[in-house]
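Trainee: Got a minute to walk me through this one? I'd like to get a feel for the fold before I head back to the bench.

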Amino acid sequence: AVAGTNVKVDGKIGVTAGTVTIADANSASTTDAGTITTVTLNNYGDSTINSGALTTVNLEGTAGTLGITAGALTTAKVDTLGLNLKGLSYVNAGTNNAITVNGTNYKTLNIDSSTKASTVSSLVAASATKINVSGDAKLTISGASTLTAVKDIVVTNTAGFDAGTTAIGAAVNFTGGAGADAVVLSNLFEKAITMGAGNDTVTYGGAASTTAGKLGSVNAGDGEDTIVM
């Protein structure tokens with residue numbers, strides 16, 4: 001199923017064998033802003049969304065890969081993307097339902113996982129500098145991710161967030177919430193990591209930095225926590 005708000009696609013929307021392709025009528029324009037602001041996908045195959053006005057994507061059910069692009073505007077209209085997940089899972093066990101945020105427009109990702117736990121095989125958002133994870137249902141990234149530019153990951157999700165198998169950057173601040181969070185740290189990590197309440201898991205990729213002004217540390221918080229060396 002697919003639905004949009006302010007949809008203006010001029011025949012460029014299609015659903016074929018579960019694959020959804022959404023391209024705003026202005027997606028290739030460097031000057032004209034898009035009109036599609038919100039997209040909802042439920043039980044979809046490998047799909048793409050392209051709109052210079054896109055701010056909200058709602059995802060539910062079994063899923064294939066999803067590529068998100070904020071058009072071709074020379075001057076970006078949007079810099080924040082909301083991803084609302086509800087029971088998102090693989091089409092088949094162990095398959096790929098990676099979410100990829102393309103381009104340099106989106107600097108902040110607000111990910112809400114609510115009602116029912118969600119699993120994403122990989123999160124790719126090479127230009128995002130901040131990721132906020134909220135909601136009341138656990139979000140798990142089951143594999144490797146690409147978050148090259150991220151500086152801050154803030155979790156307020158009450159059920160927990162598993163950040164996946166890729167170590168966060170040495171200079172990334174990670175602030176956990178009340179749920180069972182999990183994170184892998186880089187060798188010589190430089191920040192004061194706080195995990196919050198919940199039965200958290202912290203995996204060390206190596207010793208913390210001992211450089212003055214960059215003294216890495218971990219406060220595992222309340223709960224029965226696991227530290228993996």
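**Talking through the model**

Trainee: How many of the residues of the protein chain count as buried, as a percentage?
Mentor: Keep in mind that this is a predicted model. A residue goes in the buried bin when its relative accessible area is under 20%. Out of 229 residues in the protein chain, the share that counts as buried is 42%.

Trainee: Which secondary structure does the chain have, and how many helices and strands?
Mentor: Helices are quick to tally here, with 0 of them. The rest of the count goes to strands, and there the number is 24.

Trainee: Why does the chain count as being as compact as a globular protein of that length?
Mentor: For 229 residues the globule rule gives 17 Å. The model comes close to that, so the chain is as compact as a globular protein of that length, with a radius of gyration of 18 Å.

Trainee: What box do the C-alpha atoms fill?
Mentor: Take the box along the principal axes. Its dimensions are then roughly 55 × 35 × 25 Å.

Trainee: Is Thr-210 buried or exposed?
Mentor: Thr-210 sits in strand β21, which covers residues 210-211. The cut-off for exposed is over 50%. Thr-210 has 70% relative accessibility, so it counts as exposed.

Trainee: What separates the C-alpha atoms of Thr-210 and Thr-37?
Mentor: Along the chain, Thr-210 and Thr-37 are 173 residues apart. In space, their C-alpha atoms are separated by 46 Å.

Technical notes: Residues are numbered from 1 along each chain as its sequence is written. This is a predicted model: local features need pLDDT of at least 70, side-chain atom pairs count only at pLDDT 80 or more; totals for chains, interfaces and linings use all residues. Side-chain values use heavy atoms; hydrogens and water are left out. Helices (H or I, at least four residues) and strands (E, at least two) are DSSP runs, numbered from the N terminus. The radius of gyration is taken over C-alpha atoms; the globule rule is 2.2 Å times the number of residues to the power 0.38. Buried means under 20% relative accessible area, exposed over 50%, partly exposed in between (1.4 Å probe, protein chains only).
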